[in-house]
Structure formats: structure tokens, C-alpha cells
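Subject: Structure handover

Hello,

Here is the structure I said I would pass on. Please open it alongside this message.

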Amino acid sequence: MAKNKSRRLLAFLLTVAILTQGTWFPALADGSTAVSAPVETTADPMTTTEPVTTTVPATTTEPATTTEAPIVPERAYNLFVSAKSGSSVTIRWFLQSQSATGFYIYRKDSYKKEYKQVATVPAVATTNLSYKDTKLVRGVKYTYKVLPYHVRADQSIVTDSYSNTCSYKWSFAKPVLKSAKRSGEKITLRWSKMSGVDGYEIYRSSGKSYKLAKRIKKGTTVSTQLSKISKNSDVSFKIKAYTKYNGKRIYSGYSSAVTVYSTSLQKILNKIEKLKKQYPSYSYWNHVGKSSFSSSTVTHQPCNHSLYGLRYCNYYYCPNGVLGLQCYGFAWKMSDLIYGKDAKYKSHTSFAKSQVGDVIRYNGHSVIIIEKHKDYIKVGECNIGGTCMILWGRKVTKSELKGATYYHRYY
């Protein structure tokens, strides 16, 4: 009986625990584990209780984030030089999609090896864009490439890939040394003006090698004077221009050389220039059609040697007593006009010893030297081609003069 009462009590307590969702119950007297129950309760275990309602807080939903449209990649391609003029160049490129905000222009050169941004070009409604670069320096090679970029809504910048490259170099032409004139021990040089240069350097040679004689520090200068140059020396000059860039001088090539001769030789050359005008090339040293004539007569009609022989050829009594006609008489007459009839002469067979003003007899032909170079000479002559025609400046090589006899005049 007692056990039945205990079981009914236990069932009652379990029911209360379930209905009230209690927490902890103390251990029962019989040692079994109890289910927690309210400490105090007046509720009738037979009373029906309402179920407990659990309130769930409302979920807060964030507004949907607006997503920016994805960037369409841009490509700048076929970069090329479209125009160039001295210190400026225009580069041009084409677009793939017209999606970029703009383009960064990068440049390097032959002295600054790393690319640096030099400009920004905004995008416009065209597939053909360009950029003009100015104030470029002579002698420097510039290389360009283009990088498209996009500006996002948050102002961040996104770039695409670089274009191909293109290059431009403002060529450094050789300066032109126009003249070199002597006045005693002073020599004045003149040259053509060049744009875009910072100065010039004058080089001098009295033998095989050239050495710096003077540096001109203004690009606008076109002449200079050198002093204390021996009157008895032949001196050659060359000039080159330079620009200054990145702490260095960039040089052009050398000009052609101009030689200033010794005072005595210059006098001979001056006389030769006068003879060229008095007896011009392609005229004839003869007296065809002339009723009176002398050894100074020239005409514009050739001799007809096959018909008239030497009848209309001029002649001249040479210093060696020979009555010279055609080439022989002409060469010795020129020699007398340069040195005077009283000048003596001596002969030799050495090309190395030959000088301007010497008369040469070779292969049955006579000429007078008007220029002397290392391996050739230039001559004045008559009867080249068998017509008594006068000619100045024909080139005769050293090898052609093998076996020649040279006649040098002196006092």
C-alpha cells in the first residue's frame, strides 16, 4: 500500500515538472533521482495550464548592395609614330572597346632606361587617339608605351595591359664646316648653323690624328678664330656639334675636313683659283677662228686634229727650252704663271715628294698638280680627249702615276 502511494506521488511530481517546465528537483527519500520542480506552488495538479508561448525576435534584413557593372577590359594596340619634326613627335594608337577612362603615356630613352609616366590622355569618342611629345633632345632615342586605365565609382583606379612600343630619335646630322681662312698665324673657321644643339667642338690636325682645339659653348655660334698657328704649317680642321642631356654630352659625327695651307702654299692655291677663271674648264686652248692669238687665247671650238693637225693648237716656250703644244705647253705655262718664268726646277720620280704646283709627265701626257692627297692628286690639264679642251680637277690615282716624272719649281 505504501509503495502505491509513493508511485502516485512520483507520477504527480513528474506531471507538475512537465507542465511548469521546472528546473531542478531534490533527491527523493527512496534515493531515486528527482526532476526539478518549483520551490513553491499552489497549483492544483489537475488544473489545465496554457502552453508557454516563445517570442522570436523579428529578423532585421539589410538593404541589397548595388553592384557596379564589371569593367570591360580595354586594349591600346598598334602604337606607332604618326608625325615627327625635329624636337617633337606624335604617337598614335587604336582602341579595342572605348571602355577606358583615359591612358597613361610612359617613356624611356637611351640614357634613362626606366619607363616613367610623362602624360595622361583622357578618352574621347574615337578609336584613334594620339599624344604629341615636345622638347626632345638631338641624339636621344625615345621609346613609348601606353597603359589604359578605368576610374571606378569609388574613385579607385584599375589598369589594363600595356600597348606595344614605338621609338623616335631626332637624328644628329653632321655639321658643315664652310670655310677656314688664314691671316698670318690666325685662322678663322665658319660653319653652318644647326638647330637644337648646345655647342660645338673644333678639332685640329697637323699630321695623322685630330685633337680638340676649342669648345664652343653656345649653339648659336657659327664662327671662331684660332691663333698662334705657324705660317709654315698645313693644318686641317673638323667640327662636331653636341647636346647636353642627363649630365652628358651627346655628339654628332665629324664634319668633312677643311685644310688651311701654309702661307706659301696658300699663295699658290690662290693663283690656281685665278687661273681656273681665266682658263675655264670645257673651253679650248686653241685659236680656232681667231685671226690673231697668243698662248693666252682660249675659244669655245675644239680643234679638228684629224683634218688640220696642230694648225690651230696654241703653243708655249717652256722653261726647259722646248716649244710646247697642247698638254705639254699648257702645263708649263700654268707653272710659269704661278711661280714666274725665272723660277728654277728640279725633277724626281717620287709621288711622296710631289707637291701642289708640280708639273707631271706620265704616259705621254702632261698635267699640273692642283691638289695633293694621300693616294691621289687632282690636276689641271689640256687636250684631254685629243681636242685641246681645258679641264680642272680630274682625279689621278697614285697607281696611275707609276713611272711618272715630277718637275718642282723653286727659287
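Below is what was found in this structure, starting with the whole chain and then going site by site.

**Overall**

This is a predicted model. The protein chain has 411 residues, and 36% of them count as buried. There are four helices and 24 strands. Take the contacts between residues at least 6 apart in sequence: 57% of these join residues at least 24 apart. The chain exposes about 25100 Å². Carbon and sulfur atoms supply 51% of that area.

**Arg409, Asp336 and Ser335**

Start with arginine 409. Its side chain meets that of aspartate 336 in a salt bridge, at 3.0 Å from N to O. Arginine 409 lies in strand S24 (residues 405-410) and aspartate 336 in helix H4, so the bridge ties together parts that are 73 residues apart in sequence. Are the two partners buried or exposed? Arginine 409 is buried, because its relative accessible area is 2% and the cut-off for buried is under 20%. Aspartate 336 is also buried, at 7%.

Serine 335 belongs to the picture too. Serine 335 sits in helix H4, which spans residues 326-339. The side chain of serine 335 makes a polar contact with the side chain of arginine 409, at 2.7 Å. So the arginine 409 side chain has a salt bridge to aspartate 336 and a polar contact to serine 335. Serine 335 is buried, with a relative accessible area of 0%. Leaving aside neighbours within four places in sequence, serine 335 is in contact with Gly340, Gly357, Val359, Ile368 and Arg409.

**Other salt bridges**

How many salt bridges are there by the rule used? The count comes to five. Arg409 with Asp336 is one of them. Two others follow.

Arginine 107 and aspartate 133 meet through their side chains, at 2.7 Å from N to O. This pair links distant parts of the chain, 26 residues apart. Arginine 107 is in strand S3 (residues 102-109), and aspartate 133 is in strand S5. Arginine 107 is partly exposed, at 21% relative accessible area. Aspartate 133 is buried, at 5%.

Lysine 276 and glutamate 273 also form a salt bridge, at 3.2 Å from N to O. The two are three residues apart in helix H2, so about one helical turn separates them. Both ends are partly exposed: lysine 276 at 26% and glutamate 273 at 41%.

**Leu265 in helix H2**

Leucine 265 is in helix H2 as well. Leucine 265 counts as buried, with a relative accessible area of 15%. Which residues does leucine 265 touch, not counting those up to four places away in sequence? They are Asp234 and Val356. The C-alpha atoms of leucine 265 and lysine 231 are 9.9 Å apart, with the two positions 34 residues apart along the chain.

**Surface patch**

Phe293, Tyr315, Tyr317 and Leu323 make a nonpolar surface patch of about 420 Å². Phenylalanine 293 lies in the loop between helix H2 (263-278) and helix H3 (305-308). Phenylalanine 293 is partly exposed, at 36% relative accessible area. That figure lets phenylalanine 293 into the patch, because patch residues need over 30%.

**Backbone: two positive phi values**

Two residues other than glycine are worth a look here.

- Lysine 135 has a phi near 60°. Lysine 135 is in the loop between strand S5 (128-133) and strand S6 (141-151). Lysine 135 counts as exposed, at 77% relative accessibility.
- Glutamine 155 has a positive phi of about 75°. Glutamine 155 is in the loop between S6 and strand S7 (157-159). Glutamine 155 counts as exposed too, at 61%.

Strand S6 therefore has one of these residues in the loop on each side: lysine 135 before S6 and glutamine 155 after S6.

**Where to look**

If you open one site, make it arginine 409, with its salt bridge to aspartate 336 and its polar contact with serine 335. Then turn to the patch that includes Phe293.

Best wishes

Note on methods:
Residues numbered from 1 in each chain as written. Predicted model: local features only at pLDDT ≥ 70, side-chain atom pairs only at ≥ 80, totals over all residues. Heavy atoms only, no water. Patch = residues over 30% accessible without salt bridge, like charges linked within 9 Å, V, L, I, M, F, W, Y side chains within 5 Å. Areas by Shrake-Rupley, 256 points an atom, 1.4 Å probe, with all protein chains shown as cover. Salt bridge = Lys/Arg side-chain N within 4 Å of Asp/Glu carboxyl O. Buried < 20%, exposed > 50% of the residue type's maximum accessible area, 1.4 Å probe, protein only. Contact = heavy atoms within 4.5 Å. Polar contact = N/O pair within 3.5 Å; in protein donor to acceptor, adjacent residues only side chain to side chain.
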